[in-house]
Amino acid sequence: RIIKSSTEPVILTTQDPFETALVGILLKRIYGVKLVIQEHGDFFGTPHWRRESLLNRVRYYFGLWALTQADVVRVVSKRTKDRLEKRGIRNVVTFPVEVDTAPLLLETYDAEIVAMKDKGEFVFLSVARFVPQKNFSLLLRSFAQVHQKEKNVRLVLVGKGNEESHMRNIIAQFQKDTQAAITILPWSNDVGSLMRSASAYVLSSNYEGWGRVLIESLVAKLPIVTTKVGCAEEVVIHGEHGLLVPVDNESELTKAMLELVTDEALYTHIKSNLNALDSKTLPGTDNGTYALHWAQIFGE
């Protein structure tokens with residue numbers, strides 16, 4: 001109805017290259033509108049996403065075809081753009097996820113995490129949906145190994161999702177002192193307070209389109225340990241903003257977390273770089289011109 005009633009040229013965008021893309025392709029063919037398909041998840045770059053369900057396997061092959069039908073494919077990271085172009089997808093443009101930096105710059109703190117640090121504990125933080133994509137089982141196993149060697153570390157997980165019971169089952173298998181060093185908190189929208197209070201952020205995902213939480217960590221001046229997903233390597237630089245490790249590699253994640261805890265010179269170097277970083281230069285943080293850039297993307 002919107003397309004039929006419009007007196008101006010119409011550009012249609014779909015939020016993903018799957019079910020909504022099918023509707024978009026049909027409308028494009030019927031009404032001759034321009035079609036932008038968005039790919040936010042790096043679904044085609046690794047096998048992890050399609051292995052999560054049979055439906056994802058079907059979506060995977062349909063999505064690759066759907067992307068060839070778009071006038072413009074919008075992705076959020078160079079990593080995804082490069083991977084799609086290697087698959088022959090054309091007209092791919094990169095436009096990052098918007099980040100509201102204001103809440104991250106407020107001088108507020110999380111009392112529970114601050115209390116941990118006051119006891120001399122190094123606090124790793126991770127805020128996310130508890131879903132297979134985030135690979136919390138990997139993070140928990142790595143943290144358990146770190147805690148065996150360094151008892152003054154804590155892991156705080158904030159979120160909710162259908163993987164929580166599985167995560168708690170994994171924790172229950174650890175030694176009692178390691179279990180006590182892991183805290184699971186309910187979902188919170190006050191990410192800024194959590195980040196300003198923690199010692200480091202850790203992301204263990206199998207895949208990310210962008211990884212907005214990494215940009216948020218940079219804005220909050222929080223050192224990072226992350227798998228090489230999303231904007232890692234493009235924006236988060238190894239050894240400068242944190243430590244980057246291969247996806248789904250328990251030994252490397254354990255090593256990186258342990259290194260950040262024990263190497264004071266490295267931690268100080270990273271912290272100094274983050275303190276000198278101008279958050280306004282980070283992709284997606286220029287809120288004043290974000291809408292203008294969006295219009296330019298649609299107009300490609």
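Colleague: Which residue in β2 stands opposite T14?

Modeller: T14 has I37 opposite it in β2. The model is a predicted one, in which local features need pLDDT of at least 70, side-chain atom pairs count only at pLDDT 80 or more, and totals for chains, interfaces and linings use all residues. Residues are numbered from 1 along each chain as its sequence is written, and side-chain values use heavy atoms, with hydrogens and water left out.

Colleague: Why are β1 and β2 called paired?

Modeller: Two strands pair if DSSP finds at least two bridges between them, and β1 and β2 run parallel with 4 bridges between them, so the requirement is met. The names themselves come from DSSP runs, helices being H or I over at least four residues and strands E over at least two, numbered from the N terminus.

Colleague: What makes β1 and β4 edge strands?

Modeller: In the open, parallel sheet ordered β1-β2-β3-β4, β1 (11-14) and β4 (92-94) each pair on one side only. The twist from one strand to the next averages 25 degrees.

Colleague: Which helix packs on that sheet, and what angle does it make with β4?

Modeller: Helix α4 (residues 78-86) touches β2, β3 (72-75) and β4, and its direction makes about 170 degrees with that of β4. Such angles run from 0 to 180 degrees between N-to-C directions, the axes being lines fitted to C-alpha atoms, for helices over the stretch in contact.

Colleague: How do you know that D82 and K78 form a salt bridge?

Modeller: The term requires a side-chain nitrogen of Lys or Arg within 4 Å of a carboxyl oxygen of Asp or Glu; the closest N and O atoms of D82 and K78 are 2.8 Å apart, so the pair qualifies. Both residues lie in helix α4, 4 residues apart, about one turn of the helix.

Colleague: Why does E39 have no salt bridge, buried as it is?

Modeller: The nearest side chain of opposite charge, R83, is 8.3 Å away from E39, and this lies outside the limit, so no salt bridge is assigned. Charge is counted as positive for Lys and Arg and negative for Asp and Glu, with His and the chain ends not counted. The side chain of E39, a residue of strand β2 (residues 34-39), does reach the backbone nitrogen of G41 at 2.7 Å. Leaving aside neighbours within four places in sequence, E39 is in contact (heavy atoms within 4.5 Å) with P17, F44, R74, V75, V76 and T80.

Colleague: Why is D42 called buried, and K119 exposed?

Modeller: Buried means under 20% relative accessible area, exposed means over 50%, and partly exposed is in between, for a 1.4 Å probe and protein chains only. D42 has 3% and is therefore buried, whereas K119 has 68% and therefore counts as exposed. D42 is found in the loop between β2 and α3 (54-68), and K119 in the loop between α5 (111-118) and β5.

Colleague: What makes the phi of D42 and of N135 worth a remark?

Modeller: Most residues other than glycine have a negative phi. D42, which is not a glycine, has a positive phi of about 55 degrees, and N135, also not a glycine, has one of about 50 degrees. N135 is found in the loop between β5 and α6 and, at 8% relative accessibility, counts as buried.

Colleague: How many salt bridges does the whole structure have, and which pair links E208 to a distant part of the chain?

Modeller: A search finds 12 salt bridges. E208 forms one with K134, with the closest N and O atoms 2.5 Å apart; E208 is in the loop between β8 and α10 (212-219), K134 in the loop between β5 and α6, and 74 residues separate them. Both count as buried, E208 at 9% and K134 at 10%.

Colleague: What is the strand order in the sheet that holds β5 and β8?

Modeller: That open, parallel sheet has 6 strands in the order β7-β6-β5-β8-β9-β10, and its edge strands are β7 (182-185) and β10 (242-245). β5 (residues 122-127) and β8 (residues 200-203) pair over 2 bridges, with L125 opposite Y201.

Colleague: How do you know that both faces of β7 are covered?

Modeller: I182 and I184 on one side of β7 and T183 and L185 on the other are all buried.

Note on methods: A polar contact is a pair of N or O atoms within 3.5 Å; within protein, one must be able to donate a hydrogen and the other to accept it, and residues adjacent in sequence count only if both atoms are side-chain atoms.
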